[in-house]
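User: Hi! Could you walk me through this structure? I'm new to this, so plain words please.

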Amino acid sequence: RWLSDASVPSWVDVRWTFPRTIGAARIVSGFRSGNRIVAPIADFTLQAWAENGWRDIPGTQVTGNTLIDWRGTFTPLTVDRVRLLVTHTQVNIARIHELELYAPEDADAR
């Protein structure tokens, strides 16, 4: 689980020791209120490190999200660093329970 400071933008990044090919993501966010999970991150994008800077991954810019369990696919790319950039939350704190990045569906099993 990851919690940001009480400000936006905020981010968390993932780094691998060697490049990975990814083409899908799952983000579980929010916090427990009674028997429910509420306040998922509202606006965010996934970014990849390229040429000494962060670049948005096309197809991952999300605004107005209301899903606790968000899933998305995008054109596969090979990277060694990915960042989840949160630009708006309902309560100024991003609470990420899961950030999962997957190989494209047609990738060979390893």
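User: What share of the 110 residues in the chain is buried?
Analyst: Buried residues account for 42% of the 110 residues. Keep in mind that this is a predicted model.

User: Thanks! And how many helices and strands are there?
Analyst: There are zero helices and eight strands. Following the sequence, you read the pattern β-β-β-β-β-β-β-β. The radius of gyration is 14 Å, close to the 13 Å that the globule rule gives for 110 residues, so the chain is as compact as a globular protein of that length.

User: What does the C-alpha trace span along its principal axes?
Analyst: About 40 × 30 × 25 Å.

User: OK, now the strands. What is the strand order in the open sheet?
Analyst: The order is β1-β8-β2-β7-β5-β6, six strands with antiparallel pairing. At the edges sit β1 (2-3) and β6 (53-56), each of which pairs on one side only.

User: Let's start at the β1 edge. How many bridges join β1 to β8?
Analyst: Two bridges join them, and the strands run antiparallel. Trp 2 is the residue that stands opposite Ile 96 in β8.

User: Moving inward, which strands does β2 pair with?
Analyst: One partner is β8 (residues 95-102), joined to β2 by six bridges in the antiparallel sense. Here Val 28 has Glu 98 of β8 as its bridge partner. Another partner is β7: β2 (residues 10-29) and β7 (residues 69-88) pair antiparallel over 14 bridges.

User: Can you give me a residue pair for that one too? Which residue in β7 is the bridge partner of Ala 24?
Analyst: That is Thr 73.

User: Let's stay with Thr 73. Is Thr 73 buried or exposed?
Analyst: Thr 73 is exposed, because its relative accessible area is 59% and the cut-off for exposed is over 50%.

User: What does Thr 73 touch, besides its neighbours within four places in sequence?
Analyst: Thr 73 is in contact with Gly 23, Ala 24 and Gly 59. So Ala 24 turns up twice, as a contact and as the bridge partner of Thr 73.

User: How far apart are the C-alpha atoms of Thr 73 and Pro 104?
Analyst: They are separated by 8.4 Å, while along the chain the two residues are 31 residues apart.

User: What about Arg 15, where is that?
Analyst: Arg 15 is in strand β2. With 54% relative accessibility, Arg 15 counts as exposed. Leaving out neighbours within four places in sequence, Arg 15 is in contact with Asp 80 and Arg 81. Arg 15 and Asp 80 are 65 residues apart in sequence, but their C-alpha atoms are 5.7 Å apart in space.

User: Back to contacts in the whole chain. Among those between residues at least 6 apart in sequence, what share joins residues at least 24 apart?
Analyst: That share is 76%.

User: Now the other edge. How do β5 and β6 pair?
Analyst: Strand β5 (residues 43-50) is joined to β6 by four bridges, and the two run antiparallel. In that pairing, Gln 47 has Asp 56 of β6 as its bridge partner. The hairpin of β5 and β6 has two residues between the strands, and Glu 51 takes a positive phi near 50 degrees there.

User: Last topic, the surface and charges. What is the accessible surface of the chain?
Analyst: The accessible surface comes to about 6700 Å², and 47% of that belongs to carbon and sulfur atoms. As for charges, the chain has 12 positive and 12 negative ones, and their mean positions are 7 Å apart.

How values were computed. Residues are numbered from 1 along each chain as its sequence is written. This is a predicted model: local features need pLDDT of at least 70, side-chain atom pairs count only at pLDDT 80 or more; totals for chains, interfaces and linings use all residues. Side-chain values use heavy atoms; hydrogens and water are left out. Two strands pair if DSSP finds at least two bridges between them. The radius of gyration is taken over C-alpha atoms; the globule rule is 2.2 Å times the number of residues to the power 0.38. Buried means under 20% relative accessible area, exposed over 50%, partly exposed in between (1.4 Å probe, protein chains only). Contact means heavy atoms within 4.5 Å. Accessible areas come from the Shrake-Rupley method with a 1.4 Å probe; for residues, only the protein chains shown count as cover. Lys and Arg count as positive and Asp and Glu as negative; His and the chain ends are not counted. The place of a charge is taken as NZ of Lys, CZ of Arg, CG of Asp or CD of Glu.
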